[in-house]
Amino acid sequence: MYEQITAEDAKKIMDSNEEHIILDVREQDEFDAGHIPGAILLPYTEIESKAGEMLPDKDKQILVYCRSGRRSKIAAEALARLGYTNIKEFGGIIDWPYEVVK
């Protein structure tokens, strides 16, 4: 399974020295319009086919978000099914009160 956390909790992890990946599961045009600094793009529709090559370490902490929280939940469930063990889903960028890169 995966753990649901708040945007505040995700920001604390990002600001800490904990190793993590920030995973944006929206589409390319949405990512280009604005994303969280340091995020990598892997659309939720491509998790099954590309997670293995893009996210080789299944135990690394992965922070997952999308626009509103629906796709990030689907993506987090898919990652869990694929054997990833440290998934934290924090909803959508529309609720992200911190810096965004455009």
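Me: Buried means under 20% relative accessible area, and exposed means over 50%. In this predicted model, does Asp 24 count as buried or exposed?

Reply: The relative accessibility of a residue is set against those cut-offs, with partly exposed in between. Asp 24 has 0% relative accessibility, so it counts as buried. Its place is in strand S2.

Me: Which side chains does Asp 24 meet through a polar contact or a salt bridge?

Reply: For a carboxylate, one looks at the nitrogen and oxygen atoms around it. The side chain of Asp 24 makes a polar contact of 2.7 Å with that of Tyr 65. Asp 24 also forms a salt bridge with Arg 26, at 2.7 Å from N to O. Both Asp 24 and Arg 26 are buried.

Me: Leaving aside neighbours within four places in sequence, with which residues is Asp 24 in contact?

Reply: A contact list takes in nonpolar as well as polar partners. For Asp 24, with those neighbours left aside, the list comprises Phe 31, His 35, Ala 39, Ile 40, Leu 41, Leu 42, Pro 43 and Tyr 65.

Me: How many salt bridges does a search of the whole structure find, and which parts does the pair of Lys 60 and Glu 19 tie together?

Reply: A salt bridge may be read through its geometry, its place in the sequence and the exposure of its partners. The search finds 8 in the whole structure. In one of them, Lys 60 and Glu 19 meet at 3.2 Å from N to O. Lys 60 belongs to the loop between H3 and S4, and Glu 19 to the loop between helix H1 (7-15) and S2, so the pair ties together parts 41 residues apart in sequence. Lys 60 is partly exposed, at 24%, whereas Glu 19 is exposed, at 58%.

Me: With which residue does Glu 89 form a salt bridge?

Reply: The partner is Lys 73, and the closest N and O atoms are 3.5 Å apart. This pair links distant parts of the chain, with Glu 89 in strand S5 (residues 87-92) and Lys 73 in helix H4, 16 residues apart. Glu 89 is buried, at 0% relative accessibility, while Lys 73 is partly exposed, at 29%.

Me: How should the nonpolar interior be read, and which residues have the most contacts inside the largest core?

Reply: In soluble globular proteins, nonpolar side chains tend to be buried together. Here the largest nonpolar core has 18 residues, and those with the most contacts inside it are Leu 23, Ile 47, Leu 55, Val 64, Leu 79 and Ile 87. At least two of its residues come from each of S2 (21-24), H3 (47-54), S4 (62-66) and H4 (70-81). H4 gives the most, with 5 residues. Another core, of 15 residues, lies apart from it and includes Ile 5, Phe 31, Ala 39 and Trp 96.

Me: What does the contact list of Leu 55 hold beyond its neighbours within four places in sequence?

Reply: Leu 55 is in contact with Ile 21, Leu 23, Ile 40, Leu 42, Ile 62, Leu 79 and Tyr 84.

Me: In what order do the elements of the protein chain run, and what is its radius of gyration?

Reply: The chain has 4 helices and 5 strands, in the order β-α-β-α-β-α-β-α-β from the N terminus on. Its radius of gyration is 12 Å, close to the 13 Å of the globule rule for 102 residues, so the chain is as compact as a globular protein of that length. Of the 102 residues, 46% count as buried. Among contacts with a separation of 6 or more, 68% come from residues 24 or more positions apart.

Conventions
Residues are numbered from 1 along each chain as its sequence is written. This is a predicted model: local features need pLDDT of at least 70, side-chain atom pairs count only at pLDDT 80 or more; totals for chains, interfaces and linings use all residues. Side-chain values use heavy atoms; hydrogens and water are left out. A nonpolar core is a set of buried Ala, Val, Leu, Ile, Met, Phe, Trp, Tyr and Cys residues joined through side-chain atoms within 4.5 Å. Buried means under 20% relative accessible area, exposed over 50%, partly exposed in between (1.4 Å probe, protein chains only). Contact means heavy atoms within 4.5 Å. A polar contact is a pair of N or O atoms within 3.5 Å; within protein, one must be able to donate a hydrogen and the other to accept it, and residues adjacent in sequence count only if both atoms are side-chain atoms. A salt bridge is a side-chain nitrogen of Lys or Arg within 4 Å of a carboxyl oxygen of Asp or Glu. The radius of gyration is taken over C-alpha atoms; the globule rule is 2.2 Å times the number of residues to the power 0.38.
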